[in-house]
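Let's take a walk through this fold, one piece at a time. Keep the viewer open and follow along as we go.

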Amino acid sequence: MNFDVNTIREDFPILKEKIYNKPLIYFDNAATTQKPKAVIDKIVEVYTKYNSNIHRGVHYLSNKATTLTEEARQIVQNFINAGSEKEVIFTRGATEGINLIANSFAEKYINKGDEIIVSELEHHSNLVPWQLVAKKYGAKVIKWPFNDKGELSIEVLKSLINDKTKIITVNHVSNSLGTINPIEDIIKIAHSKSIPVMIDGAQAIQHIAVDVQALDCDFYVFSGHKIYGPTGIGVIYGKEKWLEQMPPYQGGGEMIDTVSFEETTFNELPFKFEAGTPNYVDTIALGEAIKYVESIGIDNIAAYEHELLEYAQKKLETIPQIEFIGTATNKTSVISFNIKGIHSFDAGTILDKMGIAVRTGTHCTEPVMQHFNINGTIRASFAFYNTKEEINELYNGLIKVIELFG
Ligand code: PLP
């Protein structure tokens, strides 16, 4: 494989940091990824050379910043294979994207008694917005439960769909378990009943090649910071046919066409959904992050991360005290587990002192924890800059945790 992890690690300045005088081992990539120098440099470059509010500016800097922002939109469009740049909307992140879709879609299409199918595997960001709009319009959120491996069944979905179903929303990849969901099949089933599907891609976009036209999804959202880009920037892909019909989510800024005291008309897509001064600096830096990912190749990334997952899985399986939570057949590089008799916070705190960053707790998926009747897990999530040597250190660290707690 054309993949030299040591060369790649040179691109990420933070990986040289010491934590408590120990080399940083960063296994919290599902929460946020580290940034390559190209992205950090781009942010500095924009503020140093091109900073100016975008759109409708007549001067050089404004035009330059606008051009760079719209170039970033094209980079995103090509990366996910959206049919048009009108279908790529910039948001603050996946959460804002889902709130926008939920509110705007519901205002147009959800009425009293309607049903919204939400999987039990969702991050709170893809459950709470739907609960809020369901309450507002008198609709119902229908739980699509997963099995004990952490997998969703198409047969169960079929049994939940009925004439009242207005939208199905599901993640591409579960953040707490790493399950890769069969979104192609989900979308086919939904479309056979003319039901649109929203995919929360926050945990997929950095691991799996996404082609929104091939998937035929109606909406796909993700956050920049999970794909090696900055925080505070995210993307909605939406089919033009829906976005054209949906009302604006917020008012003000570039989302207007004309305004009088009596009436406002709205701008065309995608600007109709981008109210206020956009986060153009981080938009441009997100474009840089995607270019960086493309230079390595998402398929190379997926293959290497799968190698890391299998290596870690085999290694941790040799520790009898470990109980794995979520054992789906198709997974990204996320391992969730508990150690018998040891609270995940205690384990995480001790690993931290060894320079190993893992996430502990509910991972913003309390319904997932309730399903397993646990109060949290230890989650190690790997990125393509991680190594097998680091996984060996995690193994050694866990052995020490177990020894310490007797
Ligand atoms: N959806 C999933 C599956 C996630 O993992 C996350 C964040 O962890 C989100 C949504 C929310 O993303 P953000 O906090 O970047 O808006």
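**Two helices to start with**

Start with helix α11 (residues 298-317) and helix α14 (residues 388-404), which pack at an angle of about 25° with their axes 10 Å apart. An angle under 35 degrees counts as roughly parallel, and α11 and α14 are therefore roughly parallel to each other. The crossing of α11 past α14 is right-handed. If you want to click on the residues that touch, α11 brings Glu-307, Leu-308, Tyr-311, Ala-312, Lys-315 and Leu-316, and these meet Lys-388, Ile-391, Asn-392, Leu-394, Tyr-395 and Leu-398 in α14. Sorted by class, that contact has eight nonpolar, one polar and three charged residues. Do bear in mind that you're looking at a predicted model.

**The four-stranded sheet**

Now look at what these helices lie against. There is an open sheet of four strands in the order β13-β14-β17-β16, and its pairing is antiparallel. β13 (322-324) and β16 are the edge strands, each pairing on one side only. On average, neighbouring strands here are turned by 35° against each other, ignoring direction.

Within this sheet, strand β14 (residues 334-339) and strand β17 (residues 377-381) pair in the antiparallel sense over four bridges. To find the register, pick Val-334: its bridge partner in β17 is Ser-381. Back to the helices: α11 lies across β13 and β14, running at about 15° to β14. α14 also packs on the sheet, where it touches β13, β14 and β17, and its direction makes about 15° with that of β14.

While you're in this part of the chain, stop at His-363. It sits in the loop between β16 (359-361) and α13 (366-372). Most residues other than glycine have a negative phi. His-363, however, has a positive phi of about 55° although it is not a glycine.

**The seven-stranded sheet**

Next comes another open sheet, this one with seven strands. What is their order? Reading across, you get β4-β10-β9-β8-β7-β5-β6, with mixed pairing. β4 (88-91) and β6 (140-144) stand at the edges with a single partner strand each, so one side of each has no neighbour in the sheet. The average turn between neighbouring strands of this sheet is 20°, direction ignored.

Strands of a sheet pair through backbone hydrogen bonds, either parallel or antiparallel. For a parallel pair, go to strand β8 (residues 197-200) and strand β9 (residues 219-223), which are joined over three bridges. There, Asp-200 stands opposite Val-221 in β9. Helix α3 (residues 60-80) lies across β4, β9 and β10 (234-238), and it runs at about 115° to β4.

**A second helix pair**

Helix α4 (residues 94-109) and helix α5 (residues 128-137) are worth a look too. Their axes come within 9 Å and cross at roughly 20°. α4 and α5 are therefore roughly parallel to each other, and α4 passes α5 in a right-handed crossing. On the α4 side you'll find Ile-98, Asn-99, Ile-101, Ala-102, Asn-103, Ala-106 and Glu-107, meeting Pro-129, Trp-130, Val-133, Lys-136 and Tyr-137 in α5. By class, the residues of this contact divide into eight nonpolar, two polar and two charged.

**A hairpin and a cis proline**

Move on to strand β11 (residues 256-259), which runs antiparallel to β12 and is joined to it by three bridges. The two strands form a hairpin with four residues between them. Thr-258 stands opposite Thr-265 in β12, so to speak a threonine facing a threonine. Follow the chain into the loop between β12 (264-266) and α10 (280-296), and you come to Pro-270. Most peptide bonds are trans. The one from Leu-269 to Pro-270 is cis, with omega near 0°.

**Stepping back to the domains**

Finally, zoom out. The chain is divided into domain 1 (5-30 + 297-404) and domain 2 (40-294). How far apart do the C-alpha centres of domain 1 and domain 2 lie? They are 28 Å apart. Where the domains meet, 36 residues of domain 1 are in contact with 32 residues of domain 2.

Methods: Residues are numbered from 1 along each chain as its sequence is written. This is a predicted model: local features need pLDDT of at least 70, side-chain atom pairs count only at pLDDT 80 or more; totals for chains, interfaces and linings use all residues. Side-chain values use heavy atoms; hydrogens and water are left out. Axes are lines fitted to C-alpha atoms, for helices over the stretch in contact, and angles run from 0 to 180 degrees between N-to-C directions. Angles under 35 degrees count as roughly parallel, over 145 as roughly antiparallel, 65 to 115 as roughly perpendicular and the rest as oblique. A crossing is left-handed if the near helix is turned anticlockwise from the far one by less than a right angle, and right-handed if clockwise. Contact means heavy atoms within 4.5 Å. Ala, Val, Leu, Ile, Met, Phe, Trp, Tyr, Cys and Pro count as nonpolar, Asp, Glu, Lys and Arg as charged, and the others, Gly among them, as polar. Two strands pair if DSSP finds at least two bridges between them. Domain bounds come from an automatic or database domain assignment.
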